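The following exercises concern the fold of one chain and the surroundings of one of its elements. Please attempt each task before reading its solution.

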Amino acid sequence: MIDLPSAHPLSARRGSPLSGRIRVPGDKSVSHRALMLGGLAVGRTTITGLLEGEDVLATARAMALMGASIAREDDDASGASVWTVDGVGVGGLAEPAEVLDMGNAGTGARLLMGVVATHPITALFTGDASLRKRPMGRVIDPLSRFGATFLARAGNRLPLALKGAAEPLPVTYRVPVPSAQVKSAVLLAGLNTPGETTVIEPVATRDHTERMLIHFGARLVRRQGDDGADVLVLSGQPELTGGPVRVPGDPSSAAFPLVAALLVPESDLLLEGVGLNPLRTGLFDTLREMGADLEVLNVREEAGEPVGDLRARASALKGVEVPADRAPSMIDEYPILAVAAACAHGTSRFHGLAELRVKESDRLAAIVRGLEACGVEATTEGDTLIVKGQGEAPQGGAVVQVDLDHRIAMAFLVLGMVSVEPVRIDDGRAIETSFPGFVDLMTGLGAHLTTEQETFA
Ligand code: S3P
């Protein structure tokens, strides 16, 4: 997202029970990848349900600046938007004449660096104040091994210049942090590299890149290494073939109305067409362990991804302990899970959250600060987050600073929907990165969200 001068505060207070049937916007991870692989394919890719949030639009602009033809067509019969991408073929990207401004999007920036790293072009990357703080060394290191060169700011931060390798060398890389972005950047660099690129992944993370590469016709083999790690072997320079891609609803976005429905008394909400990739569903398992009345219905497969409908009904939740090895399957869901834990009966402990410190904001700090301001006891011990659930509605009545972080913003608005006093966030603009229409959608369900100051008068 661009750094606009004026903030856009939003308040949430108790409203009616949340009921109805909704579709959340398309999956952010799948949307970025669909645009990138569509742009690298031969022929036309038709994408239904693409997330039209700022993060993904930044990727669309960047791919267009490098030669892909990208257009938004009329909505289809179901009302979903349809995007077409006419690709340039693997290795066919042109040097962008402008700086690639990736806005708030870590995924867009890191994956595109992977794509550019093995093209004989130079690209300049930047982003908003949040993205310019985030570490890029984690992709600079493996991508340099292909022969790409980087010139970055201190601490390997954006803005940076990337000169792609003219004659890339295949790489074998063991991913040192559980990160789908790092894995994907390496695989995407491997696309335009002769021979085999190998990624060793000790801790499994979301596999949308692998699924979509196979969907577009790449040869990618997964086996288990001697130490139990996943080994992914991609054969370089395939011909990718464009085709239809249907983007599922984003489970990470579904999490906000879903948890709101569990917390607001008498709610009963159906969320249709939510992505259920097993490497993304840790939150749903955790909520069930907390006692949530959460049903998964009508599971099917669309464009290589499992999809289903979710029904959530208001529930009395209890505290839970979430092990570190579940973190990768719900890494974006801790802000909203912490809100659920704050309303649950008993103490919750979430382990293995070091990666939360390098998200759109330092989410561990933001969660603790926001909960405490709302009268909830929360603390960290190393990489563990501890939230003392009160078994009743938190006090609220605070202004929460969101630091350009969409998930912190939405999580605390949900808290305001149940707390005794309203909760205000200092700036709701970041919500547009992943969940355009969030305020209208929640209001339509019965929530009380407002931009007016007088809620606090
Ligand atoms: C993503 C991977 C995760 C996640 C991000 C999306 C992806 O980041 O937090 O929102 O699409 O690959 P990390 O790779 O940094 O864990």
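**Exercise 1.** Determine what share of the contacts in the chain between residues at least 6 apart in sequence join residues at least 24 apart.

*Solution.* A contact requires heavy atoms within 4.5 Å. Among the contacts that qualify by the separation of at least 6, 77% link residues at least 24 apart. The model is a predicted one, in which local features need pLDDT of at least 70 and side-chain atom pairs count only at pLDDT 80 or more, while totals for chains, interfaces and linings use all residues. Residues are numbered from 1 along each chain as its sequence is written, and side-chain values use heavy atoms, with hydrogens and water left out.

**Exercise 2.** Establish how the radius of gyration of the chain relates to the globule rule.

*Solution.* First, the secondary structure comprises 12 helices and 24 strands (DSSP runs numbered from the N terminus: H or I of at least four residues, and E of at least two). Next, the radius of gyration, taken over C-alpha atoms, is set against 2.2 Å times the number of residues to the power 0.38. The chain gives 21 Å, close to the 23 Å of the rule for 457 residues, so it is as compact as a globular protein of that length.

**Exercise 3.** Identify the buried residues of helix 6 and the elements against which they pack.

*Solution.* Buried means under 20% relative accessible area (1.4 Å probe, protein chains only). In helix 6 (residues 208–215), His208, Thr209, Glu210, Met212 and Leu213 are buried. Their packing partners include helix 1 (28–40), helix 5 (180–191) and strand 17 (305–313). After helix 6 comes Gly217, with a positive phi near 100°.

Key. Buried < 20%, exposed > 50% of the residue type's maximum accessible area, 1.4 Å probe, protein only.
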